[in-house]
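Here are my notes on the model, as numbered points. Please read them with the structure open.

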Amino acid sequence: AVLAACSVEAFTVPTTSTRRSTSSRSRLTTALNVFGPKQALAIEKAKNPAKFEATVEGLMSTKGLTRGQAEKRYGEFLIDPDGFALQAAEQERREKGYKDWVEQAVAKSDNPEATRKRIEEFTKRNQIKGTAIMVAFSAAVLSFSYANPYVPN
């Protein structure tokens, strides 16, 4: 009964680009692109109608959306929760005028200086780790190449 609400074409991977433009930069979507928001809504509605209605009603009241807008938003969330959250965070940053996520995190923090210091330490530590991994891998490849030179027949 649930699958009857979905058309056969909905289960094919679209031939169009899988990139979404969320800002001046394009990023790949985290969605699988197997079916769309309408199909996800139909499945969710059939699976748990009470939760579906509560979610749509909640979106309508908290965000001031029409029923159609709330269903569309919920369907987009169901299809790609990670991408939806990333887009929402990016949109909030743009609306509030923050340059990037670091500036937003520092501004929202109770202790901005400690937050900035923690982010800088985290970034520096991970840059060092990434560099160490690349150096180790490069050394392993060079060592292997030296021990096993390619000799054409």
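Which residue forms a salt bridge with Glu 57, and how far apart are the closest N and O atoms? The partner is Arg 67, with the closest N and O atoms 3.4 Å apart. Point 3 takes this pair further.

1. Basis. This is a predicted model, in which local features need pLDDT of at least 70 and side-chain atom pairs count only at pLDDT 80 or more, while totals for chains, interfaces and linings use all residues. Residues are numbered from 1 along each chain as its sequence is written, and side-chain values use heavy atoms, with hydrogens and water left out.

2. Overall make-up. The chain has 6 helices and 2 strands; these are DSSP runs numbered from the N terminus, helices being H or I with at least four residues and strands E with at least two. Read from the N terminus, the order is β-β-α-α-α-α-α-α. Of the 153 residues, 17% are buried (buried means under 20% relative accessible area, exposed over 50%, partly exposed in between, with a 1.4 Å probe and protein chains only). The accessible surface is about 11600 Å², and carbon and sulfur atoms hold 59% of that surface; the areas come from the Shrake-Rupley method with a 1.4 Å probe, and for residues only the protein chains shown count as cover. Taking contacts (heavy atoms within 4.5 Å) between residues at least 6 apart in sequence, 36% join residues at least 24 apart.

3. Salt bridges between and within helices. The whole structure contains 8 salt bridges, each defined as a side-chain nitrogen of Lys or Arg within 4 Å of a carboxyl oxygen of Asp or Glu. In the opening pair, Glu 57 and Arg 67 are partly exposed, at 41% relative accessible area for Glu 57 and 29% for Arg 67. Arg 67 also meets Glu 71 in a salt bridge, at 3.2 Å from N to O. Glu 71 and Arg 67 both belong to helix H3 and are 4 residues apart, about one turn of the helix. Through shared partners, salt bridges join Glu 53, Glu 57, Arg 67 and Glu 71 into one network.

4. A salt bridge in helix H1. Lys 47 pairs with Glu 44, with 3.5 Å between the closest N and O atoms. Both residues lie in helix H1 (residues 37-47), 3 residues apart, about one turn of the helix. In general, an α-helix has 3.6 residues a turn, so residues three or four places apart point the same way. The two ends of this pair fall into opposite classes: Lys 47 is exposed at 60% relative accessible area, whereas Glu 44 is buried at 7%.

5. Nonpolar core. The largest nonpolar core (buried Ala, Val, Leu, Ile, Met, Phe, Trp, Tyr and Cys residues joined through side-chain atoms within 4.5 Å) has 6 residues: Leu 41, Phe 52, Val 56, Leu 59, Ala 70 and Tyr 74. Helix H2 (49-63) and helix H3 (67-79) each supply at least two of these residues, and H2 gives the largest share, 3 residues. Leaving aside neighbours within four places in sequence, Ala 70 is in contact with Val 56, Leu 59, Met 60 and Leu 65.

6. Aromatic pairs. There are 3 aromatic pairs, counting rings of Phe, Tyr and Trp (its six-membered ring) with centres within 6.5 Å; planes under 30 degrees apart are stacked, over 60 edge-to-face and the rest tilted. The rings of Phe 52 and Tyr 74 are tilted, because their planes stand at 45°, with centres 6.1 Å apart. This pair links helix H2 and helix H3 across 22 residues, and both Phe 52 and Tyr 74 are buried. Phe 77 and Phe 84 form an edge-to-face pair, with centres 5.8 Å apart and planes at 80°. Phe 77 is partly exposed at 35%, while Phe 84 is buried at 17%. Ring pairs join Phe 52, Tyr 74, Phe 77 and Phe 84 into a cluster.

7. Helix H5 and a buried polar residue. Val 102, Gln 104 and Val 106 are buried in helix H5 (residues 101-108), and their cover includes helix H4 (81-96) and helix H6 (112-147). Gln 104 has 9% relative accessibility. Its side chain makes a polar contact with the side chain of Glu 92 at 3.4 Å (a pair of N or O atoms within 3.5 Å; within protein, one must be able to donate a hydrogen and the other to accept it, and residues adjacent in sequence count only if both atoms are side-chain atoms). Not counting residues up to four places away in sequence, Gln 104 touches Ala 89, Glu 92, Arg 93 and Tyr 98.
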